[in-house]
Amino acid sequence: MRKLKKGNGEIIAFALIVMIISTLAIWMVAFIQLSVALNDITKAAMVTGRSVAVCTSETDAINQGNRVAAASIYSSLIDNVVVEIEHIDGNTDWKTGNYVAVTVICNVNTIAPYFVSGERYKTVVVAIESGD
Amino acid sequence: MIKKLRKGNGILIFGVAWMLVIFFLVIMFIEVFFARQNAMNTQIAADSIANGVAVYMTYEGNSYTDAVRERDYVKSLVNLYTFHDPTDTRISDASLDYHSLIEDNVVDIKVTGDFSYMTNLNTSYGENGNTGYYTVHTGAMTEYTNYGRDLIHTAEAYLGCLYDYGSSGETNHQPSFYKLIYTYADHEYYGYGDSIPDCRADIDTEEYYEAWLENVGIEYRTEYALNHAEEGLSPDELNQARDNYIDNIRSDVEYSTDDNSRMFDCSGFVSYIYSTVSGVSGRVDTEMIGDSSNNDYRVGVTHVLPGDIILVNGGDHAVLFVEWEGNRFRCIGVSGGDESTYANDNGSVRVSESDLSSVPCVKYSYYNIGDVVACYHYSAPEELFQ
């Protein structure tokens, strides 16, 4: 501390401000990336839900859902796309009129390594249209 | 104020101003982020509800009230599994036309989601000052029409009515007697392959009964007298026996004057129901229905809807589909074929407890998928009778 001279405080403050502003800027960009990624995931969930609804069996639905979800996401921010299907109205049969929750789970990679990045998912509720 | 500013104060003011700008930018980004997510969630909820209601109305729903009830059910599922709770969901009554007979309907739904701003800075939105609303208007097609339901309801009104076999199926039961009335009335026999333009159910049976009694009945009296001439009856006894015989016939025939005692064969019944509901008259026999197998009205067994026509028994029998019961088709119609179908009653309403109790009638019947030759979904009766 003794070696600090007049004017050094400005440099230190400048360095701190630069770090804070850079951090804020990174987080803002990261939020924009996350928003774009979630938009893609939402769209993927919607088209995946439609493709699942018209499948004739649960096995077919899972396969079809994974293919459609992977094909509908182009963003380089997203990887590890997985689709999960859950029966939600007490029925376990793949039958027309029953409801399932289709969840598209992805890993989002933004320029902020923590908090904003990570696993994100979107769930849609769909009615089965082509069951038994 | 200006005089009191010293050297370097400008930088301070400039820095504070920029800090405020950045602060508000951050707030703006965060609010836009959540507003955007909320809007997408609202869109997803709208799609889920619209499609769910559309599917429900296609296969089960029967009225606008049903659609509203299903809408609330899907909304609860959406809330439970997507954690999004729309503030308001409405289905257009006009778009889901309860009175529609022919065209498919649209589930026209409006879903409104709200989201709260982080600050009270913007008071121009929403009723609460700091609450914004995002409304999505979306629609989904449904195959729901009231047409099929009306067909079934009309058909069910004839449960228990007499039917006639058609030309290939004579019977020892009373229907042969009823046929006599129509024969006398110059109406050709109404069965397979015949081309009578309208269903015999439209015939006023009472009118023809009275005519028969006055004319053809005489021949019966004579026939009866000849058949019993060698029984040693006195003229009075013979007359009394003839009168009793005629009275018995009269009591039976009076059943045919009842509104519930109309006669059909299987395809005649299908034609009559379609004609009654649509107002488009016509007669389509089973063979003609089968001939339409290459047109656009044929559907797979898994897509059959209430009121659709199903050909069974090798294509010789036509019935109307009512609903699924397990893996079986529950249908309504009259039994074609022969006397063996008597036992195939399945809960139909008997005509009476008299001698006619064994006469088969309009009834529910059940068929397995393997029995089905073809299913037809006629969107409009004009297409059926063309």
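How many salt bridges are there between chain B and chain A? The exercises below treat this predicted model.

**Exercise 1. Characterise the interface of chain B and chain A, beginning with the salt bridges.**

Solution.
Step 1. The count of salt bridges between chain B and chain A is zero.
Step 2. Polar contacts are then considered: five residue pairs across the interface of chain B and chain A satisfy the rule, both partners having pLDDT 80 or more.
Step 3. On the side of chain B that touches chain A, α1 and α2 (64–82) of chain B each supply at least two residues. The largest share of that side, 18 residues, comes from α1(B).

**Exercise 2. State how many residues the contact takes from each chain, and how much area the chains bury between them.**

Solution.
Step 1. Chain B contributes 26 residues to the contact, and chain A contributes 26 residues.
Step 2. About 2,300 Å² is buried between chain B and chain A, with 70% of it on carbon and sulfur atoms.
Step 3. Of the area that chain B buries against chain A, 24% is supplied by Phe33(B), Ile44(B) and Tyr81(B), more than any other three residues supply.

**Exercise 3. Identify the elements that build the largest nonpolar core, and name the residues with the most contacts inside it.**

Solution.
Step 1. The largest nonpolar core comprises 30 residues, and Ile85(A), Trp94(A), Val100(A) and Val102(A) have the most contacts inside it.
Step 2. At least two residues of this core come from each of the following elements: α1 (8–53), α2 (58–72), β1 (78–87), β2 (99–108) and β3 (118–127) of chain A, together with α1 (9–59) of chain B.
Step 3. With nine residues, α1(A) gives the most to this core.
Step 4. A second, separate core has 28 residues, including Tyr147(B), Phe269(B), Ile273(B) and Tyr364(B).

**Exercise 4. Determine whether Thr286(B) is buried or exposed, and locate this residue in chain B.**

Solution.
Step 1. Thr286(B) lies in helix α9 of chain B, which spans residues 286–291.
Step 2. The relative accessible area of Thr286(B) is 4%. The cut-off for a buried residue is under 20%; therefore Thr286(B) is buried.
Step 3. Thr286(B) and Leu311(B) are separated by 25 residues in sequence, while their C-alpha atoms are 7.9 Å apart in space.

**Exercise 5. Assess the confidence assigned to chain A.**

Solution.
Step 1. Chain A has a mean pLDDT of 89, and 97% of its residues reach 70 or more.
Step 2. Among the elements of chain A, the lowest mean pLDDT (90) belongs to α1(A) and the highest (95) to β2(A).

Note on methods. Residues numbered from 1 in each chain as written. Chains lettered and ligands numbered in written order. Predicted model: local features only at pLDDT ≥ 70, side-chain atom pairs only at ≥ 80, totals over all residues. Heavy atoms only, no water. Core = buried A, V, L, I, M, F, W, Y, C linked by side-chain atoms within 4.5 Å. Buried < 20%, exposed > 50% of the residue type's maximum accessible area, 1.4 Å probe, protein only. Helix = DSSP H or I, 4+ residues; strand = E, 2+ residues; numbered from the N terminus. pLDDT = per-residue confidence, 0-100. Contact = heavy atoms within 4.5 Å. Buried area = accessible area lost by both parts, 1.4 Å probe. Salt bridge = Lys/Arg side-chain N within 4 Å of Asp/Glu carboxyl O. Polar contact = N/O pair within 3.5 Å; in protein donor to acceptor, adjacent residues only side chain to side chain.
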